[in-house]
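Open the model in your viewer and keep the selection tool at hand. We will move from one stop to the next.

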Amino acid sequence: MPVREGLALYAAAAEAAGLGLPLLEVGTYCGRSTILLADAARAAGTVAVTVDHHRGSEEQQPGWEYHDPTVVDPEVGLMDTLPTFRRTLHKAGLEEYVVAVVGRSPQVAKVWAGEVGLVFIDGGHTDEHATADYEGWAPRVAPGGLLVIHDVFPDPADGGQAPYRIYLRALESGAFTEVSVTDSLRVLRRTGPGI
């Protein structure tokens with residue numbers, strides 16, 4: 001995540017943490033954005049919850065542009081970013097402010113019962129995954145809370161379109177109003193019911 005987008009995410013997290021509810025992230029990878037959410041949560045006396053299966057998104061698999069062979073578990077032959085993520089939290093001194101849920105986002109969303117102050121969607125970038133993340137977690141954003149979507153590219157030449165489509169869906173729903181745009185990061189506030 002570029003610095004400008006990271007600063008915008010941190011500002012959104014710091015604001016949303018004021019609601020006293022957890023800050024939730026979909027798509028942990030190695031934890032860079034998690035430490036931003038966790039630091040904001042720490043300052044407000046709440047927690048960051050991060051949801052990821054830690055096997056990597058489609059673009060991180062072998063043969064794809066963002067594949068990192070250093071995070072492949074040699075015993076099972078699959079990506080496993082969980083150990084790197086745990087080291088990231090430890091180095092940042094933020095372990096006690098993070099609840100890490102290892103699982104697939106739609107399955108976790110089905111058993112999640114409470115509201116959250118912020119949902120940060122940065123998981124898989126296919127229509128199937130982005131839509132499932134949006135449909136599973138957007139209903140959990142509390143009134144006045146924030147929905148943050150990463151990798152929103154209106155021009156298909158700049159990147160995948162699935163995050164852009166869920167961003168448009170959120171705006172068209174009437175449930176969310178845009179607060180800020182920082183490069184590919186969009187921050188929306190829940191201003192009405194629905195998704």
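Select α6, residues 162-173. This helix lies across β4, β5, β6 and β7. Against β6, α6 runs at about 140 degrees. Keep in mind that you are looking at a predicted model.

**The sheet under the helix**

Now show the strands. Which order do they take? Read β3-β2-β1-β4-β5-β7-β6 across an open sheet of 7 strands. The pairing is mixed. Go to the edges, where β3 (98-102) and β6 stand. Each has a single partner strand, so one side of each lacks a neighbour in the sheet. On average, neighbouring strands are turned by 20 degrees against each other, direction ignored.

Select β1 (23-26) and β4 (116-121). They run parallel, joined by 4 bridges. For one pair, click L24: its bridge partner in β4 is V119.

**Strand β7 and its two partners**

Move to β7, residues 185-190. Is this strand mostly covered or mostly open? It is mostly covered, with 5 of its 6 residues buried.

Take the β5 side. β5 and β7 pair in the antiparallel sense over 4 bridges. Click I149 and look for R186, its bridge partner in β7.

Now take the other side. β6 covers residues 176-182 and runs antiparallel to β7, with 6 bridges between them. Click E178: its partner in β7 is L188. Follow the chain round the hairpin of β6 and β7, where 2 residues lie between the strands. One stop here is D183, which takes a positive phi near 55 degrees.

**Two helices, side by side**

Add α5 (127-137) to your view of α6 (162-173). How do these helices pack? Their axes are 8 Å apart, at an angle of about 35 degrees. The crossing of α5 past α6 is right-handed.

Select the contact residues next. From α5, take D127, A130, T131, Y134 and E135. From α6, take A162, P163, R165, I166, R169, A170 and S173. Colour them by type: 6 are nonpolar, 2 polar and 4 charged.

**Into the cores**

In soluble globular proteins, nonpolar side chains tend to be buried together. Look for that here. The largest nonpolar core has 25 residues. Which members touch the most others? Select Y134, W137, L147 and F176. Several elements give two or more residues to this core, among them β1, β2 (48-52), α4 (105-111) and β5 (141-149). α6 gives the most, with 5 residues.

Zoom in on F176. Among the residues it touches are Y134, A138, V141 and L147. A170 and L171 are also in touch with F176. So is L188, along with R189, R190, T191 and G194.

A second, separate core holds 22 residues. To find this core, select A13, A38, A40 and V187, which are among its members.

**Last stop: a loop proline**

Select P154, in the loop between β5 and α6. Is P154 buried, exposed or partly exposed? Its relative accessibility is 44%, which counts as partly exposed. Leaving aside neighbours within four places in sequence, P154 is in contact with Q161, Y164 and R186. You met R186 earlier, as the bridge partner of I149.

Finally, draw a distance from P154 to R165. They are 11 residues apart in sequence, and their C-alpha atoms are 8.8 Å apart in space.

Note on methods
Residues are numbered from 1 along each chain as its sequence is written. This is a predicted model: local features need pLDDT of at least 70, side-chain atom pairs count only at pLDDT 80 or more; totals for chains, interfaces and linings use all residues. Side-chain values use heavy atoms; hydrogens and water are left out. A nonpolar core is a set of buried Ala, Val, Leu, Ile, Met, Phe, Trp, Tyr and Cys residues joined through side-chain atoms within 4.5 Å. Buried means under 20% relative accessible area, exposed over 50%, partly exposed in between (1.4 Å probe, protein chains only). Contact means heavy atoms within 4.5 Å. Two strands pair if DSSP finds at least two bridges between them. Axes are lines fitted to C-alpha atoms, for helices over the stretch in contact, and angles run from 0 to 180 degrees between N-to-C directions. A crossing is left-handed if the near helix is turned anticlockwise from the far one by less than a right angle, and right-handed if clockwise. Ala, Val, Leu, Ile, Met, Phe, Trp, Tyr, Cys and Pro count as nonpolar, Asp, Glu, Lys and Arg as charged, and the others, Gly among them, as polar.
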